[in-house]
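Here is a short tour for anyone who would like to read this structure at the bench. Have the 3D view open and follow along, heading by heading.

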2 protein chains.
Amino acid sequence: MALNKKAAKPRVVALAGGVGGAKLAAGLQAALPPASLTVIVNTGDDFEHWGLNICPDLDTVLYNLADKHNPEMGWGRRDEVWTVLGEMERYAGDSWFRIGDRDLALHLRRTEWLRMGMSLTEVTDRLRRMLGVSSAILPMCDEPVRTLVHTDEGDLPFQHYFVRRRCEPALLDLSFVGAESATLSSEVRKALLGADLIVFCPSNPYVSIDPILSVPGFRDFLRQSSVPKVAVSPIVGGQALKGPAAKMMRELGEVSSPLTVLDHLGDVLDGFVIDHADAALADAVILPALVTDTIMTDLPSKERLAHAILAFAANLQSSPVAAD
Amino acid sequence: MALNKKAAKPRVVALAGGVGGAKLAAGLQAALPPASLTVIVNTGDDFEHWGLNICPDLDTVLYNLADKHNPEMGWGRRDEVWTVLGEMERYAGDSWFRIGDRDLALHLRRTEWLRMGMSLTEVTDRLRRMLGVSSAILPMCDEPVRTLVHTDEGDLPFQHYFVRRRCEPALLDLSFVGAESATLSSEVRKALLGADLIVFCPSNPYVSIDPILSVPGFRDFLRQSSVPKVAVSPIVGGQALKGPAAKMMRELGEVSSPLTVLDHLGDVLDGFVIDHADAALADAVILPALVTDTIMTDLPSKERLAHAILAFAANLQSSPVAAD
């Protein structure tokens with residue numbers, strides 16, 4: 001099914017985690033008519049800090065789509081201030097994960113609502129509406145799934161590996177604890193069923209995309225889906241633009257290359273987007289490939305990439321795998 | 001037993017709630033050798049807000065004894081800032097109870113520790129040490145006791161009556177919900193047993209002192225105790241210096257007078273302190289009375305009042321009621 005045969009208002013689902021994911025989500029939101037984008041976000045990074053429920057990837061997407069993100073830090077709020085963090089040090093509160101005052105209000109409200117019994121899906125939808133975001137933002141599931149990083153220094157919860165230890169320990173393997181008990185929420189299922197295009201944002205395949213695919217039923221749905229599924233490589237010129245993806249690949253014995261991303265995700269994809277820097281690899285891409293500028297520095301560059309992906313996808317055919 | 005017959009380092013217990021209580025506690029701390037004061041604090045005002053455990057009277061005492069209080073507001077931290085409160089309004093968070101950024105850190109940490117299973121006594125002791133306070137600060141009990149205000153507009157939790165409704169509804173009666181299940185903590189019991197003097201700070205008798213006395217065993221302990229027990233009137237010249245005590249008295253059909261305070265608490269007292277403004281009432285005080293300046297505007301005036309109380313108490317005899 002080709003995208004250009006669908007209604008004038010295509011319904012696009014983006015899978016995202018981390019900064020690259022949030023950037024392309026913002027580009028897609030800008031490129032598409034209002035309310036036609038649904039972003040399904042990794043929650044494997046979620047954890048408790050200061051007694052609050054923190055959802056780093058959801059918040060990065062929320063803040064980017066609300067244009068309230070901090071482009072310098074890549075996470076958190078623009079024009080952030082840090083009074084509470086400074087005071088927490090007085091009470092021996094952990095300060096390795098830096099929560100700013102503006103950001104903190106969201107964590108407080110989410111935690112309060114979750115403790116009242118709301119689902120993370122409902123809480124996230126309230127927050128995005130209050131932030132004036134027209135796109136739907138969905139956690140990959142409502143059940144807790146936690147990325148556990150097996151390293152040469154032992155097992156580390158994701159944020160301890162990523163923020164506290166700055167990804168220094170060598171990666172051996174990853175687990176998504178709780179994934180076996182997770183389910184596709186009705187909102188995720190509905191978004192996937194209604195999609196005309198599914199975009200894998202340039203997010204870390206191991207710790208942003210894999211947790212999403214670990215939710216039982218998610219990967220099968222994608223393999224059987226007849227809509228185009230396109231991934232954007234988070235690896236450009238052998239490096240991750242941000243984050244530990246390239247380092248992880250090397251530690252797992254892989255070459256740090258877009259082709260490694262493709263090999264990792266390829267069975268659910270119909271098209272692959274790589275940067276001009278990797279144009280020489282285009283012939284080795286076993287799927288239809290788009291070579292374009294994938295580096296997003298501002299909203300126009302995010303929107304330009306989104307338009308390029310939409311145009312590329314419009315000419316793609318999906319080859320769904322027959323249901324088992 | 002007279003105070004001046006005790007050791008050079010008298011052990012003083014102060015009962016406190018609200019701003020007047022915290023002020024005299026600071027005066028006593030300044031007047032006494034380090035670590036010789038224990039403040040037992042009303043927790044009937046405690047409530048949940050923003051999903052956090054808020055203990056307004058404990059915090060007012062903590063901040064006053066740490067010299068971090070805000071003298072203009074009477075509650076909260078000095079040099080306070082309000083970024084989180086402003087952001088909470090974005091998420092439709094309640095803003096009628098104003099939590100500043102500096103103050104918020106304490107509520108976060110307390111809530112985290114309580115959820116880990118620590119008692120409020122233990123949490124409070126950690127916090128006062130981290131704030132560099134040498135005096136012991138004890139919640140009146142570890143069990144939740146909640147002041148419920150019965151008014152002509154219905155029943156209101158204390159903070160809703162006091163802050164949200166600014167004490168506008170007329171008081172009919174008060175309940176201390178949960179008091180029947182509360183117990184004297186081992187720390188409160190030890191402080192009372194070891195005291196050479198017990199001071200009732202100039203706190204509201206109905207909503208600061210009565211909740212403390214509602215803890216089963218507290219009033220009996222005081223009635224049977226042989227150490228001097230002295231109260232300072234929170235009513236000066238017919239008015240409460242701060243708070244609704246005078247208004248409450250009138251609504252309960254009483255005269256707004258120190259004598260009403262004495263009548264309310266008299267069965268556990270050995271001495272009563274009134275302001276020069278009420279000197280004409282001294283003859284009507286049925287207990288030994290001290291007439292002095294009770295208005296505390298700065299630390300020297302707090303300390304001066306404390307010294308006057310200590311000198312007054314040194315000459316008092318306690319007449320314990322025989323155990324039933």
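What follows looks at how the chains meet, and then at some helices inside each chain.

## Where the chains meet

This is a predicted model, so please read the contacts below in that light. Let us start with the interface: 23 residues of chain A are in contact with 23 residues of chain B. On the chain A side, the elements that give two or more residues are α3 (83-90), α4 (101-115) and α5 (120-130). Of these, α4(A) gives the most, with ten residues. As for chemistry, the side of chain A that touches chain B holds twelve nonpolar, four polar and seven charged residues.

Do the two copies bring matching or unlike surfaces to this meeting? They meet through the same surface, because 100% of the interface residues of chain A are also interface residues in chain B.

## How the copies are related

A turn of 180°, with a shift of 0.0 Å along the axis, lays chain A on chain B with an RMSD of 0.0 Å. The two copies are therefore related as by a two-fold rotation axis. If you want to find that axis on screen, look for A:Asp101: in chain A, its C-alpha is the one nearest the axis, at 3.7 Å.

## A crossing of helices in each chain

Now turn to chain A, where helix α1 (residues 18-31) packs against helix α12 (residues 299-314) at an angle of about 75°, with the axes 7 Å apart. Because of that angle, α1(A) is roughly perpendicular to α12(A). The α1(A) residues in this contact include A:Leu24, A:Gly27, A:Leu28 and A:Ala31, and among their counterparts in α12(A) are A:Leu299, A:Leu305, A:Ala306 and A:Leu310. By class, the contact of α1(A) with α12(A) divides into nine nonpolar, two polar and three charged residues.

In chain B, α1 (residues 18-31) and α12 (residues 299-314) pack at an angle of about 75°, with their axes 7 Å apart, and α1(B) and α12(B) are therefore roughly perpendicular to each other. Charged side chains can be found here too: B:Lys23 belongs to the α1(B) side of the contact, while B:Lys302 and B:Glu303 belong to the α12(B) side. The residues of this contact divide into nine nonpolar, two polar and three charged.

## A closer look at B:Leu310

B:Leu310 sits in helix α12 of chain B and is one of the α12(B) residues that meet α1(B). Is B:Leu310 buried or exposed? B:Leu310 counts as buried because it has 20 C-beta neighbours inside 10 Å. B:Leu281 is 29 residues from B:Leu310 in sequence, and their C-alpha atoms are 22 Å apart in space.

## The buried face of α11

Which residues of helix α11 (residues 258-265) of chain A are buried? They are A:Pro258, A:Leu259, A:Val261, A:Leu262 and A:Leu265. These buried residues cover an arc of only 155° around the axis, which puts them on the same side of α11(A). A general rule helps here: an α-helix has 3.6 residues a turn, so residues three or four places apart point the same way. What covers the buried residues of α11(A) includes the strands β9 (197-200), β10 (229-232), β11 (235-236) and β13 (271-275), along with helix α8 (205-213), of chain A.

In chain B, the buried residues of α11 (residues 258-265) are B:Pro258, B:Leu259, B:Val261, B:Leu262 and B:Leu265. Because they fall within an arc of 155° seen down the axis of α11(B), they line one face of the helix. Their cover includes β9 (197-200) and α8 (205-213) of chain B.

How values were computed: Residues are numbered from 1 along each chain as its sequence is written. Chains are lettered from A and ligands numbered from 1 in the order in which they are written. This is a predicted model: local features need pLDDT of at least 70, side-chain atom pairs count only at pLDDT 80 or more; totals for chains, interfaces and linings use all residues. Two residues are in contact if their C-beta atoms, placed from the backbone, lie within 7 Å. Helices (H or I, at least four residues) and strands (E, at least two) are DSSP runs, numbered from the N terminus. Copies are superposed by least squares on the C-alpha atoms of residues with pLDDT of at least 70 in both. Axes are lines fitted to C-alpha atoms, for helices over the stretch in contact, and angles run from 0 to 180 degrees between N-to-C directions. Angles under 35 degrees count as roughly parallel, over 145 as roughly antiparallel, 65 to 115 as roughly perpendicular and the rest as oblique. A residue is buried if 20 or more other C-beta atoms lie within 10 Å of its own, exposed if 12 or fewer, and partly exposed in between; C-beta atoms are placed from the backbone. The arc is that of the directions from the helix axis to the C-beta atoms.
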